[in-house]
Amino acid sequence: MRAASMTHPQDLRTFLAAYRAAHPDDVLTFRDEASVDQDTTAVIWELASRGLHPILVFEKVAGLALPVPVVTNIFGSRERIARMIGATTATLHAAYQRCSHAAVEPREVASGPITEIVETKSIDLSTLPMLRHFATDRCAYITNGAVIAEGPDGRGGNVSYHRAMIRADTRNELATSLHSRGHLWRLLNMAKAKGKPMAVAMVIGAHPLFMLAASARLGFLEDERNVAGGLMGEPLDVVATPKYGIRVPAYAEFVLEGTIDPDAISEEGPFGEFTGYSSNRSTNNVLRVETIMRRKSPILVDVAGGNSAEHLNLGRVPREAEMVEKLRDRFPSVTAVHYPCSGTHFHAYVAVKQMRPGEARQIMVGLLGWDPYLKTVIAVDEDVDVTRDDQVLWALATHFQPHRDIVVIDGLPGNALDPSASGVGTTSRMGLDATRGPGFEGVRAAISDEAMARAMTLLARNK
Ligand SMILES: Cc1cc2nc3c(=O)[nH]c(=O)nc-3n(C[C@H](O)[C@H](O)[C@H](O)COP(=O)(O)O)c2cc1C
């Protein structure tokens with residue numbers, strides 16, 4: 001086994017130093033003290049209202065149980081996510097899929113920075129640094145908890161994010177939610193059928209490409225740690241946790257090892273969710289922590305909560321990439337796909353170079369069927385820039401006739417956190433065909449390339 005070195009490409013610090021050197025204007029450091037109570041969220045919201053989404057480093061945060069720097073908003077910009085894998089926003093989906101298909105198994109190492117401190121006795125979670133994100137949150141939360149479970153009988157594994165708070169009146173238990181009812185939920189039900197608790201390890205802070213891979217949607221027991229290796233271009237270095245041997249990133253900041261008892265229930269939430277609403281829809285699970293692993297001088301890596309660009313991008317980029325590949329494979333006339341932040345996870349825009357009447361509708365129905373989160377798809381022609389809400393809404397305003405161009409499907413499974421979904425968890429979905437269609441007679445007002453070039457020169461010279 002290879003020993004872990006002090007500086008390493010899989011270390012968040014190495015990433016941050018290299019990124020700061022290459023893009024100094026895209027990292028904002030605060031030397032003045034911030035409060036643990038909502039300040040990071042407030043700064044992110046204010047910057048976003050000015051169209052800014054830099055990485056934020058808070059050197060001092062008053063009120064943290066452990067005095068550590070806080071790094072947040074790493075995923076606030078798509079451009080930055082694209083840079084992480086050597087792509088641009090235009091090539092992000094294809095580059096992500098290429099790396100994801102090059103998935104490679106982790107490489108086990110004997111030790112790493114995460115084994116610098118290993119506590120197995122008198123576990124006290126109140127010693128961990130945590131932030132409170134919204135005034136409506138029940139308390140401080142771990143927003144960046146990537147929960148790893150090994151597959152049964154050594155077959156694969158799973159990584160997914162789960163919000164967590166310290167369970168009231170306990171020192172060693174977290175209350176958490178598995179409301180996505182994805183693979184961890186399925187593994188928990190398998191453990192329940194065997195009458196056993198499920199061993200897990202929660203990683204709080206690691207290299208951004210591990211964090212990105214952790215939100216991927218793969219087949220059951222296909223392991224997100226392998227995708228992390230694909231994105232990094234080398235196997236993820238992992239160490240085994242002391243009690244249950246769960247393989248966690250050797251360069252992580254904090255790891256909590258323990259079990260989820262399928263029969264234990266705890267109050268959890270409300271918490272500001274990706275919909276922009278405070279939600280206490282929760283599966284109310286309990287994670288009993290038996291080991292705390294951490295670096296000697298850790299960083300708290302936080303993921304901004306609510307409908308922040310960071311929360312939405314992190315959850316979406318891997319899923320978008322998967323959907324775009326699938327859609328383009330089946331429908332070559334699709335030229336671009338975008339999930340706008342304004343639609344949380346519920347809207348998608350598709351640009352189509354239509355070959356035959358009705359094709360846009362077929363594409364919308366395909367996407368609405370494949371993507372479990374979507375409620376609304378808007379199809380536009382290929383000259384409309386789907387990364388811009390204003391352009392898509394212009395196409396809707398001028399090409400779309402409600403009596404003719406709308407497809408509605410009802411009674412489908414909905415997202416548990418959608419406040420408008422029915423009590424039984426179903427939703428309706430719609431496709432809005434904002435392509436011009438046959439017989440459309442409008443002539444788009446145009447500006448010549450020469451005039452645009454002159455404008456660029458005028459603007460550059462008259463700043
Ligand atoms: C920052 C972030 C926080 C998340 N929090 C939760 C959560 O608290 N509970 C949950 O069930 N899913 C949460 N999710 C969604 C799951 O991580 C996501 O559905 C995951 O892809 C499911 O993984 P699976 O395909 O391995 O089942 C979160 C996603 C992100 C990006």
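Q: Why are helices α4 and α8 called roughly perpendicular to each other?
A: In this predicted model, the axes of α4 (residues 92–101) and α8 cross at roughly 95° and come within 9 Å. Axes are lines fitted to C-alpha atoms, for helices over the stretch in contact, with angles from 0 to 180 degrees between N-to-C directions. Angles of 65 to 115 degrees count as roughly perpendicular (under 35 roughly parallel, over 145 roughly antiparallel, the rest oblique), and α4 and α8 are therefore roughly perpendicular.

Q: What makes α4 and α8 count as meeting, and which residues take part?
A: Two residues are in contact if their C-beta atoms, placed from the backbone, lie within 7 Å. Leu92, His93, Tyr96 and Gln97 of α4 meet residues of α8, including Val317, Pro318 and Glu320. The residues of this contact comprise six nonpolar, two polar and two charged. Ala, Val, Leu, Ile, Met, Phe, Trp, Tyr, Cys and Pro count as nonpolar, Asp, Glu, Lys and Arg as charged, and the others, Gly among them, as polar.

Q: How do you know which elements supply the shell around the ligand?
A: β9 (157–161), α5 (183–193) and α8 (309–330) each supply at least two of its residues. Helices (H or I, at least four residues) and strands (E, at least two) are DSSP runs, numbered from the N terminus. The shell divides into five nonpolar, twelve polar and two charged residues.

Q: Where do the bounds of domain 1 and domain 2 come from?
A: They come from an automatic or database domain assignment, which gives 82–302 for domain 1 and 331–433 for domain 2. Eight residues of domain 1 are in contact with six of domain 2.

Residues are numbered from 1 along each chain as its sequence is written. In this predicted model, local features need pLDDT of at least 70 and side-chain atom pairs count only at pLDDT 80 or more, while totals for chains, interfaces and linings use all residues.
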